[in-house]
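I open the notebook on this chain with a plain aim: to look up one position, follow its surroundings outward, and then set down the fold around it.

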Amino acid sequence: MSYTEREILLIEDSPDDSELIQRALSSVPHKHTIAWVKNGQEALDYIFCEGPFSSRSPDEKPCLILLDLKLPKVNGLEVLEKIKSNSSTRTIPVVVISSSKEPKDLDKAYELGVNSYVLKPINYKDFMRATEQIGMYWLLVDEKVKSP
């Protein structure tokens, strides 16, 4: 994958939310691909190139991870903890997109090193706008850490 084409990893169990997020990100004027996984275990396998994703190169890291918290198999906070506690993945920006307004979820996510925590808006237009803004910021504005 070239520098101009970046990969976003979307970790979301809801097909409807996934479709909306992917549609919103398609309007971001930057070349990117979106890999979608539907549960926490699949996310960890993808990120760490294990199980069904063992043929992926560990050098091909996503430029951004969009993470739901309420996931089957392994919850989002556990996924976040594993990403941020591993030296090879801790610099990947992780944005939680969740419907959880629980202060304990928000506090724990920041304690574990999340880069941003965004509440899923209920209104369609607000959901699309928020997702577009996330994509614009992380793909166009944020300066990425360059690997040595």
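**Entry 1: Leu-66 and its surroundings**

I began with Leu-66, which is buried, with a relative accessible area of 1%. Since the model is a predicted one, I read every value here as computed from that prediction. I placed Leu-66 in strand 3, which spans residues 64–67. I then asked which residues Leu-66 is in contact with once its neighbours within four places in sequence are left aside. The list I obtained is Ile-8, Leu-9, Leu-10, Ile-11, Ile-21, Leu-25, Val-95, Ile-97 and Ile-134. Leu-66 counts as buried because its relative accessible area of 1% falls under the 20% cut-off. I also looked up a pair distant in sequence: Leu-66 and Pro-93 are 27 residues apart along the chain, and their C-alpha atoms are 8.6 Å apart in space.

**Entry 2: the pairing of strands 3, 4 and 5**

I next looked for the bridge partner of Leu-66 in strand 4 and found Val-95. Strand 3 and strand 4 run parallel and are joined by three bridges. On strand 4, residues 94–98, I counted four bridges to strand 5, residues 116–119, and this pair likewise runs parallel. Within that pairing, I noted that Ile-97 stands opposite Val-118 of strand 5. I then followed the chain from strand 4 through helix 4 (residues 103–112) to strand 5, and recorded the three as a right-handed β-α-β unit.

**Entry 3: the whole sheet**

In what order do the five strands of the open sheet lie? I read the order as 2-1-3-4-5, with parallel pairing. The edges are strand 2 and strand 5, each of which pairs on one side only. From one strand to the next, the twist averages 20°. I noted that helix 2 packs on this sheet and touches strand 1, strand 2 and strand 3, its direction making about 155° with that of strand 1.

For the chain as a whole, I listed five helices and five strands, and from the N terminus on they run β-α-β-α-β-α-β-α-β-α.

**Entry 4: the nonpolar cores**

I turned to the position before Leu-66 and looked up Ile-65, which, apart from neighbours within four places in sequence, is in contact with Leu-9, Ile-11, Ile-47, Ile-83, Ile-92, Pro-93, Val-94 and Val-95. In the largest nonpolar core, which has 25 residues, Ile-65 is among those with the most contacts, together with Leu-9, Ile-11, Leu-67 and Val-79. I recorded the elements that give two or more residues to this core as strand 1 (6–11), strand 2 (32–37), helix 2 (40–47), strand 3, helix 3 (76–84), strand 4 and helix 4. Apart from this core lies another, of 16 residues, among them Cys-63, Val-95, Ile-97 and Ile-134. I checked three of these names against my first entry, and Val-95, Ile-97 and Ile-134 are included in the contacts of Leu-66.

As a general point, I kept in mind that in a regular strand the side chains alternate between the two faces of the sheet.

**Entry 5: Leu-77 in helix 3**

I found Leu-77 in helix 3, and at 17% relative accessibility Leu-77 counts as buried. Not counting residues up to four places away in sequence, Leu-77 touches Leu-69, Asp-105, Lys-108, Ala-109 and Leu-112. The C-alpha atoms of Leu-77 and Leu-112 are separated by 8.0 Å, although the two are 35 residues apart along the chain.

**Entry 6: two positive phi values**

I then looked up two loop residues with positive phi. Cys-49, in the loop between helix 2 and strand 3, has a phi of about 55° although it is not a glycine. Is Cys-49 buried or exposed? I found Cys-49 buried, with a relative accessible area of 13%. Lys-73, which lies in the loop between strand 3 and helix 3, has a phi near 70°, again positive in a residue other than glycine. Lys-73 is exposed, with a relative accessible area of 72%.

**Entry 7: totals for the chain**

I closed with the totals. Of the 148 residues in the protein chain, 47% are buried. Among contacts with a separation of 6 or more, 67% are between residues 24 or more positions apart. I noted an accessible surface of about 8,000 Å², of which 51% belongs to carbon and sulfur atoms.

Key
Residues numbered from 1 in each chain as written. Predicted model: local features only at pLDDT ≥ 70, side-chain atom pairs only at ≥ 80, totals over all residues. Heavy atoms only, no water. Pairing = 2+ DSSP bridges. Right-handed = clockwise from strand over helix to strand, strands pointing away. Buried < 20%, exposed > 50% of the residue type's maximum accessible area, 1.4 Å probe, protein only. Contact = heavy atoms within 4.5 Å. Areas by Shrake-Rupley, 256 points an atom, 1.4 Å probe, with all protein chains shown as cover. Core = buried A, V, L, I, M, F, W, Y, C linked by side-chain atoms within 4.5 Å. Axes fitted to C-alpha atoms, helices over the stretch in contact; angles between N-to-C directions.
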